[in-house]
Amino acid sequence: MNVAFFSTTKTDKALFDKLAPDYTVSLDYFDVHLTEKTAPLAQDYEAVCVFVNDTLSRPVIEQLAAGGTRLIALRCAGFNNVDRKAAHDHDMTVLRVPAYSPMAVAEHALALMMSLNRKTYRAYNRVRDGNFMLEGLLGFDMFQKTAGVIGTGRIGLEMTRILTGLGLNVLTYDPFPNQQAEEYGAEYVALDELYRNSDIITLHVPLMPETHHLIGDDSLAKMKDGVMLINTSRGALMDADALVKSVKTGKIGYLGIDVYEQEENLFFEDHSDEIIHDDTFERLVTLPNVLITAHQAYYTAEALDNIGHTTLENLRDFERNDINQSRCVLCEI
């Protein structure tokens, strides 16, 4: 099977070149994102392999289908960048990697929490400048604080296990409760109750129409003053403009995000020699109690290995007409 591989990094190429010989695939790498403009590169390829910031809109899918593409292989769990109706209409299969490493993402969320609380990122810069003052670095004991975990799928469940293990009281919300979370010691509550009682809130839900801007003016108004918010899921779960306002008023005391609503114009690229024209993002990075990382929560050796193997298995299974239903994005349509 010939595969057009988009948004390629050096790490991607090294990983897939190492694993591909065990599978009957031929990979051609393109470092550009898949868009309407770059879709012609996939002409005559049976499959495309794409990442989170590639565009799978109807116009792109129409071009892919016309060029002979029958499979979209996502090397990620999220699929909000895919027009599923368009893929269905063009008889295109969409496969993903649903569980590459829940531990990687949950541990990164914890790192954001602890860094924000103890201000290690600020302390590091101070010490490098010869400043050993402690003023402005005061944190709090996380032990016995209340954390709200929104979404208890694989990652949210791992987050629950970690937080209960650290001695926090954990409230969880999910339309489909998981008994394992309760066995860890968490309590399922209504979303408004979670907002009202949590000192820390961490998001672990997919981006769907019903979760778009889950965190906005209305939900923020229900939270404690000085709440800590963490998002390692998808940027558009949060209204970025509402975040700026709430950090400035003190409603949000700490904000840690590994994702951003307009990240497709920023993340995975070097913009250090450019002026960034996203004013909302630029305001966020100037705030001292905001910590932003560039979609790296998944980025561990174990996760990348799982992504590589699962992606190649998806390509092989498609060729054999033996699709794993749990990895099929369109199987429920």
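Start your tour at the largest pocket, which has 45 residues in its lining; select R96, G153, H204, V205 and P206, the ones that lie nearest its centre. Keep in mind as you go that this is a predicted model.

**The largest pocket**

With those residues shown, add a surface if you like: the volume of this pocket is about 1300 Å³. Next, colour α4 (102–118) and α6 (154–165), the elements that each give two or more residues to the lining. Which of the elements gives the most? That is α6, with three residues in the lining of the pocket.

**The seven-stranded sheet**

Now switch to a cartoon view and look for an open sheet of seven strands. Reading across, the order is β8-β7-β6-β9-β10-β11-β12, and the pairing is parallel. Select β8 (187–188) and β12 (290–292) to see the edges: each has a single partner strand, so one side of each is left without a neighbour in the sheet. To look at one of these edges in detail, add β11 (residues 252–257), which pairs with β12 in the parallel sense over three bridges. Label I257 and I292 here, since they make a handy landmark: I292 in β12 is the bridge partner of I257.

**Around strand β3**

Move on to β3 and select residues 47–50. Are the faces of this strand covered or open? Both are covered: A47 and C49 are buried on one side, and V48 and V50 are buried on the other. This fits a general pattern: in a regular strand, side chains alternate between the two faces of the sheet.

Bring in the partners of β3 next. β1 pairs with β3 in the parallel sense over three bridges, and you can find V3 standing opposite A47. Strand β4 (residues 71–74) also runs parallel to β3, joined to it by four bridges; here C49 stands opposite A73. Then trace the chain from β3 through helix α2 (residues 58–66) to β4, and you will have followed a right-handed β-α-β crossover.

**Last stop: S7**

Finally, select S7, in the loop between β1 (2–5) and α1 (10–19). Is S7 buried or exposed? Its relative accessibility is 10%, and because buried means under 20%, S7 counts as buried. Show side chains and you will see that of S7 making a polar contact with the side chain of H33, at 2.8 Å. Leaving aside residues up to four places away in sequence, S7 touches D12, F30, D31, V32, H33, F51, D54 and R75. Display those together to see the surroundings of S7.

Notes:
Residues numbered from 1 in each chain as written. Predicted model: local features only at pLDDT ≥ 70, side-chain atom pairs only at ≥ 80, totals over all residues. Heavy atoms only, no water. Buried < 20%, exposed > 50% of the residue type's maximum accessible area, 1.4 Å probe, protein only. Polar contact = N/O pair within 3.5 Å; in protein donor to acceptor, adjacent residues only side chain to side chain. Contact = heavy atoms within 4.5 Å. Pairing = 2+ DSSP bridges. Right-handed = clockwise from strand over helix to strand, strands pointing away. 1 Å grid on protein atoms, 1.4 Å probe; cavity = no way out; pocket = protein on both sides within 12 Å on 5 of 7 lines; lining within 4 Å. Points joined across faces, edges and corners; volume = space filled by probe spheres on them.
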